[in-house]
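User: I am new to this one and would like to walk through it with you. Could you show it to me first?

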Amino acid sequence: MNNYNQIRVRFAPSPTGYLHVGGLRTALYNYLFARKNNGVFVLRIEDTDRARYVEGAVENLIDTLHWCGFDYDEGPQKNGSFGPYTQSERLEIYKSYTQTLIEQKKAYYCFCTQERISELRTAQENLKQQTKYDKLCLHLDHNVIAQKLKDGVPHVVRLNIEADKKVVVEDIIRGRVEFDSNLIDDQVLLKGDGYPTYHLANVIDDHLMKISHVIRGEEWLPSTPKHVLLYDAFGWEKPVFAHLPLLLNPDKSKLSKRQGDVAVEDYRAKGYLPESLVNFVALLGWNPGTEQEIFSLDELINIFSIEGVNKSGAVFNIEKLNAFNFEHLRKKNDTEVVRILKEYLAKSKFADHKFDDDKLFLIVEAMRPRISFVKEIIENSSYFFESPESYDQEVIQKRWKDDTSENLKSLAEEFSKLLNPKKEDYETALHKTAELLNIGNGKLIHGVRLALSGVGGGPGLYEILFILGKEESIRRIEKAIEKIRI
RNA sequence: GCCCCCAUCGUCUAGAGGCCUAGGACACGAGCUUUUCAAGCUUGUAACACCGGUUCGAAUCCGGUUGGGGGCACCA
């Protein structure tokens with residue numbers, strides 16, 4: 001269908017502040033498609049709306065993409081033969097192409113004021129008619145046009161859409177979609193401020209940048225006939241279109257800010273691993289046809305195919321994302337987790353403390369099966385880093401009996417006799433004490449756990465004892481005997 | 001209102017006419033394990049929106065209905 005000899009795709013966000021997870025998925029599929037097919041992945045900045053421009057948004061976008069692990073081949077801050085890759089730097093290009101369209105009568109100047117346009121629209125709405133421009137300025141005499149231009153009358157340029165034409169969009173995900181040209185508005189191509197609209201800029205750029213496949217969200221499907229008409233007006237070959245299903249809120253509406261986090265940056269800040277987010281989002285609307293669900297980015301590249309993309313929208317379900325994070329976290333080796341833990345520690349209230357690596361490795365090993373996020377090691381088991389300041393009241397009620405203090409005193413004594421104890425040594429000592437006191441092990445275990453950690457759950461008791469060390473453990477037992485009153 | 005898209009467990013999905021008494025994952029329930037909490041293992045509940053048609057045979061093909069969503073800017 002097309003003569004492109006190389007796969008070239010693009011991700012074309014507008015710099016409005018942050019990367020939306022829907023945008024992440026679009027970027028991902030483009031990226032995977034490019035890498036899988038030895039193609040080129042272009043990043044293009046669509047900043048033709050000056051009102052919405054946000055300072056620093058481009059830098060943030062690039063940083064976030066980088067965090068996700070996507071590297072682009074051409075784009076801002078990168079060389080490429082088709083630049084510049086920022087639309088605000090391509091204004092002259094859009095103008096000159098529009099000029100040729102005007103000369104061929106495929107586009108025309110429109111001097112109508114915003115007021116007239118909105119009056120026209122409300123009138124049409126009241127008559128329950130299709131709202132569209134009435135082509136008034138199409139019929140202006142060329143002398144009148146010349147005069148108005150000379151006088152500097154504000155104007156836009158519109159595409160002259162022919163009536164009674166069937167416009168066909170071929171989409172590899174949705175098949176053939178037909179539109180009636182009578183229902184398509186004479187789209188503004190160049191705005192009053194001289195900037196192009198999305199429709200014009202994206203068509204010109206995709207053509208000039210030799211984009212072979214346009215892979216974008218389904219919200220673009222209704223405006224694709226305009227783009228098709230533009231390609232035809234220019235006499236250009238069309239790229240292959242692929243409109244991706246939408247990402248949805250739990251109530252099935254288009255994923256939006258109002259119903260939770262939508263920025264990739266939000267998930268990054270919450271401690272999700274980039275590989276989890278990417279893996280999760282990849283499976284929203286696509287699947288490899290096997291039962292495997294956990295993939296690295298490289299594995300995704302290997303197995304991705306655009307044919308595996310389905311048509312219906314997918315709810316963004318945080319619970320499953322959390323499960324993915326758990327899975328990816330457990331695939332990481334201890335060294336990596338310790339590295340991440342250190343980053344969190346440096347930002348925590350323990351920033352000034354020095355913890356040696358041996359200890360951190362033991363903590364990570366103990367906490368691993370109990371967490372989905374690395375930062376939970378600090379949140380859920382702060383007792384590894386500081387002595388507990390309080391004790392869970394419920395656990396006291398359940399586990400701290402009249403004789404607990406006395407029993408723990410004996411146990412602490414037994415512990416103090418140990419020399420460089422290992423996990424097993426603590427266990428042996430505890431068993432011995434229980435036997436001596438003629439009580440079950442459980443009577444001791446729960447009390448010690450509470451004394452050491454302040455809470456009722458966590459890693460194996462002997463593991464905690466070993467990680468804390470003999471001196472610290474005894475100190476905490478004594479402190480608890482002192483502080484816990486029933 | 002008009003145009004377009006979509007439709008399998010609560011959610012993500014497998015399924016391209018017989019392999020489907022519909023498979024997997026998350027979540028949820030139960031059991032085992034563990035003198036904690038998790039994890040792990042085993043196991044259970046749970047879906048083809050509806051109505052017609054085509055066919056020997058339909059979750060799969062066709063039509064309609066219903067439902068959901070998206071779009072109708074000098075925003076992208």
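User: Which ring does the charged end of lysine 148 sit over?

Analyst: This is a predicted model, where local features need pLDDT of at least 70, side-chain atom pairs count only at pLDDT 80 or more, and totals for chains, interfaces and linings use all residues. Residues are numbered from 1 along each chain as its sequence is written, chains are lettered from A and ligands numbered from 1 in the order in which they are written, and side-chain values use heavy atoms, leaving out hydrogens and water. A charge sits over a ring if NZ of Lys or CZ of Arg is within 6 Å of the ring centre and within 35 degrees of the ring normal. At 5.6 Å from the ring centre, the charged end of lysine 148 sits over phenylalanine 111.

User: And how far is arginine 158 from the ring centre of tyrosine 133?

Analyst: Here an arginine takes the part of the charge. Arginine 158 lies over the face of tyrosine 133, and its distance from the ring centre is 4.0 Å.

User: Why does the pair of phenylalanine 355 and phenylalanine 385 tie together parts of the chain that are apart in sequence?

Analyst: Rings of Phe, Tyr and Trp (its six-membered ring) pair if their centres lie within 6.5 Å, and planes under 30 degrees apart count as stacked, over 60 as edge-to-face and the rest as tilted. This pair is edge-to-face, with 5.1 Å centre to centre and 75 degrees between the planes. Phenylalanine 355 lies in the loop between α12 and α13 and phenylalanine 385 in the loop between α14 and α15 (helices are DSSP runs of H or I, at least four residues, and strands runs of E, at least two, numbered from the N terminus), so the pair joins parts separated in sequence by 30 residues.

User: Are Arg8 and Val9 of strand β1 buried or exposed?

Analyst: Buried means under 20% relative accessible area, exposed over 50%, and partly exposed in between (1.4 Å probe, protein chains only). Both faces of β1 are covered, with Arg8 and Arg10 on one side and Val9 and Phe11 on the other. These residues are all buried.

User: Which residues come nearest to RNA strand B?

Analyst: A residue is near a strand if one of its heavy atoms lies within 4 Å of it. Of the atoms of RNA strand B within 4 Å of the protein, 71% belong to sugar or phosphate. There are 63 residues around the strand, and those that come nearest are Lys191, Asn287, Glu293, Arg370 and Asn441.
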